[in-house]
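I set down here what I looked up in this structure, entry by entry. I began with the chain as a whole and then turned to its parts.

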Amino acid sequence: MNQKYSIISRKQDIGQLINQLHREEFLAVGIMDTGTVEDLFSTLDWFVGNFNYCLHVVSQSERFPVEEMQARYPDVTFIVFPKAPSLAERVNALADVCMTTYFLTMRSDTNLMNFDWKPIEAKMKAEDHPAMISPWIFNKSNEEIPTLRAPHMQGKEVEPLSFMPTAKCHANLYPFLGIGLYDRALFQRLRGYDEDISGAYWQTLDFGVRCWLYGYPVYTMSDIAVLFYAKQFLIEDRSEQQGFERFYSKALSVHQIKGRNFIRKGPKMQGKVINEEVKPRIGLYKTDFQTLCENWKTPE
């Protein structure tokens, strides 16, 4: 594995370790260090006191003295990058390190308002096995944010439409800012987030679309709710970033005709990506993007 970060593992007593050898822990929480250091302290204090499931913090080395943090939070594992990691690097590192059945990604500038495990687990174990479940998201005024995305083409460009969640469970094209609950084994089988794409929007769009094209849905459920307590406006940067052609190559080059997959190169695609990433996996595509757009049911 390409080790771009250091891991400072939580301190466990020997009894705890022996217990863990006999049963796999089912849930890890990964807190992405995205706010102030004070935000991180208050978030960690809350999780240690209220939701202490195999806690991880993903951060960078200049943020705080790691030894002091380890002494203050002995139950927490720290994943520390030398410089600020991208969203893709954060989530992939968490999935590699956590060793649990599921992992929940949070941010240090958010609060977990709701997490109702029974319906979440039932959905994750359902026949239409989802890759992940993303939350309802609220701003600092407690207003719900339109984080539902539907696949849509504007000419030759992918331009997802945005909606407000209204029902308990909705199909969602990709997880807003990557926040939510993931099936770890499936996440890794899908090869996680693409670290060669820049920008959280393109990284999450690429991941979500890949899930759907491979036959694994992404859902948004009201059973998980997250509050951005300091932000009023939550805006995605959809401008073209380095590596965005990788998304286009994987998402739009495969066309399905009468159940068979064909490759057709188009604008904003790269032959190298098609040859190295798409062709070897063409058998995994259960549908194509055009069909996804045509069959998508948008919320009422």
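Entry 1, terms. I counted a residue as buried when its relative accessible area is under 20%, and as exposed when that area is over 50%, with partly exposed in between. I also noted that the model is predicted.

Entry 2, the chain. By that cut-off, I found that buried residues make up 51% of the 300 residues in the chain. I looked up the secondary structure and found ten helices and 16 strands. The radius of gyration is 19 Å, close to the 19 Å that the globule rule gives for 300 residues, so I recorded the chain as being as compact as a globular protein of that length. Along the principal axes, the C-alpha atoms fill a box of roughly 60 × 40 × 35 Å. I then looked up the contacts with a separation of 6 or more, and 74% of them are between residues 24 or more positions apart. For the accessible surface of the chain I noted about 13,900 Å², of which 52% belongs to carbon and sulfur atoms.

Entry 3, the largest pocket. I asked which residues lie nearest the centre of the largest pocket. They are Asn92, Asp96, Arg191, Tyr193 and Glu195, out of 21 residues in the lining. The space in this pocket is about 380 Å³. I sorted the lining residues by kind and obtained ten charged, seven nonpolar and four polar. Helix 4 (87-98), helix 6 (184-189) and helix 8 (244-252) each supply at least two residues of the lining. Helix 4 gives the most, with five residues.

Entry 4, helix 8. Having met helix 8 in the pocket lining, I checked whether it is covered or open, and found it mostly covered, with eight of its nine residues buried. I listed the buried ones as Phe244, Arg246, Phe247, Tyr248, Ser249, Lys250, Ala251 and Leu252. I next looked up what covers these residues. Among the helices I noted helix 7 (200-213), helix 9 (271-278) and helix 10 (289-295). The cover also includes strand 9 (153-154), strand 10 (157-158) and strand 15 (254-257).

Entry 5, Ser239. I located Ser239 in the loop between strand 14 (218-227) and helix 8. Its relative accessibility is 38%, and it therefore counts as partly exposed. I also looked up Ser239 against Ala185, 54 residues apart along the chain, and found their C-alpha atoms separated by 32 Å.

Terms used. Residues numbered from 1 in each chain as written. Predicted model: local features only at pLDDT ≥ 70, side-chain atom pairs only at ≥ 80, totals over all residues. Heavy atoms only, no water. 1 Å grid on protein atoms, 1.4 Å probe; cavity = no way out; pocket = protein on both sides within 12 Å on 5 of 7 lines; lining within 4 Å. Points joined across faces, edges and corners; volume = space filled by probe spheres on them. Nonpolar A, V, L, I, M, F, W, Y, C, P; charged D, E, K, R; others polar. Rg over C-alpha atoms; globule rule 2.2 N^0.38 Å. Buried < 20%, exposed > 50% of the residue type's maximum accessible area, 1.4 Å probe, protein only. Contact = heavy atoms within 4.5 Å. Areas by Shrake-Rupley, 256 points an atom, 1.4 Å probe, with all protein chains shown as cover.
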